Amino acid sequence: MSALVETVDLTKRFGGLVAVNKVNLKINPGETLGIIGPNGAGKTTLFNLIAGLLEPSEGKIYFKGKDITNLPPHKRNEIGIARTFQIPRPFGNMTVWDSVKVGAYRTTSDPKEVEERVGELLDFFNLTPLAQQSCAALNVSQLKLVELARAAATEPELLLIDEVGAGLTPGELDDLGVMIKKLQRKKKITICLVEHVMRIIWKLCPRIVVMDFGSIIATGCPKEVARNPKVIEAYLGRGLI
């Protein structure tokens, strides 16, 4: 199987700090991949490199076999890469409906199609009652759903989800996990999650990549990763679950 995304010796330096160190990663079509690791491991930096928000110091990024290393973020979104952020970035002066509508216009200029897509996604994420609510008035859980809906509205082939579980209750986490799984199946998209909350990673991700100090130190299914001595030492053993 050809990878949807492949990074080759991907490296990012900030002065003397190597945030991402020669990372070779493959994200396969249709999978839900989890990326975990301690704070400062380079997870979000890796996401920002794939999304085009940062330029690599070295290495290459390929999407469907094409070199996108120097492609700007909006062009990556046009070819099917979308992402959410650990801290939601709402359009505070917009309603929920209009915020999601911005994403829908990425792939179509047909107003009827846009309206249908927005309505479908608001129903899917249980946001319809908040459709005319200002994003500035939403709580953290609601903002995360709006951000997911807006990203999904671009109809991506790859959705990068950055720490969606932060600040949510166990019940909210479980509900969100069900939504993400349904979204992946319904839209047939590839999902990659960076997450600290193991509750959601363990349930959603058949394959997990573990990073530490900018490098990948383990890859495997949840059971394999949980038993890996390097992972226990670097992450799981630090009491961060």
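Strand 9 (residues 207-212) and strand 10 run antiparallel to each other and are joined over five bridges. Strands count as paired when DSSP finds at least two bridges between them. Within this pairing, Asp212 has Ser215 of strand 10 as its bridge partner. Strands here are DSSP runs of E with at least two residues, helices are runs of H or I with at least four residues, and both are numbered from the N terminus.

The model is predicted, so local features need pLDDT of at least 70 and side-chain atom pairs count only at pLDDT 80 or more, while totals for chains, interfaces and linings use all residues. Residues are numbered from 1 along each chain as its sequence is written, and side-chain values use heavy atoms, with hydrogens and water left out.

**The sheet and helix 6**

Strands 9 and 10 belong to an open sheet of six strands, ordered 6-7-8-3-9-10, with mixed pairing. Strand 6 (81-83) and strand 10 (215-220) are its edge strands, each pairing on one side only. From one strand to the next, the twist averages 20 degrees. Helix 6 lies across strand 3 (32-36), strand 7 and strand 8 (190-194), and runs at about 150 degrees to strand 8. Such angles, from 0 to 180 degrees, are taken between the N-to-C directions of lines fitted to C-alpha atoms, for helices over the stretch in contact.

**Salt bridges**

Side chains of opposite charge can pair when their charged atoms come close. A salt bridge is a side-chain nitrogen of Lys or Arg within 4 Å of a carboxyl oxygen of Asp or Glu. By this rule the count comes to 16. The table gives three of these pairs.

| Positive residue | Negative residue | N to O distance |
|---|---|---|
| Arg13 | Glu58 | 2.8 Å |
| Lys101 | Glu115 | 3.2 Å |
| Arg117 | Glu155 | 3.5 Å |

Glu155 lies in the loop between helix 5 (140-153) and strand 7 and Arg117 in helix 4, so their salt bridge ties together parts that are 38 residues apart in sequence. Arg117 is buried, with a relative accessible area of 5%, whereas Glu155 is partly exposed at 41%. Buried means under 20% relative accessible area, exposed over 50%, and partly exposed in between (1.4 Å probe, protein chains only). Salt bridges with shared partners also join Arg13, Lys22 and Glu58 into one network. Within that network, Glu58 is partly exposed at 31%, and Arg13 is partly exposed at 37%.

**A buried charge without a salt bridge**

Glu163 is found in the loop between strand 7 (158-162) and helix 6 (170-187). Glu163 is buried but has no salt bridge, and Lys43, the nearest side chain of opposite charge, is 4.9 Å away. In this count Lys and Arg are positive and Asp and Glu negative, with His and the chain ends not counted. Leaving aside residues up to four places away in sequence, Glu163 touches Gln86, Lys144, Val194, Glu195 and His196. Contact means heavy atoms within 4.5 Å.

**An aromatic pair**

The structure holds one aromatic pair. The ring centres of Phe124 and Phe125 are 5.0 Å apart and their planes stand at 80 degrees, so the pair is edge-to-face. Rings of Phe, Tyr and Trp (its six-membered ring) pair if their centres lie within 6.5 Å; planes under 30 degrees apart count as stacked, over 60 as edge-to-face and the rest as tilted. Both Phe124 and Phe125 are buried.
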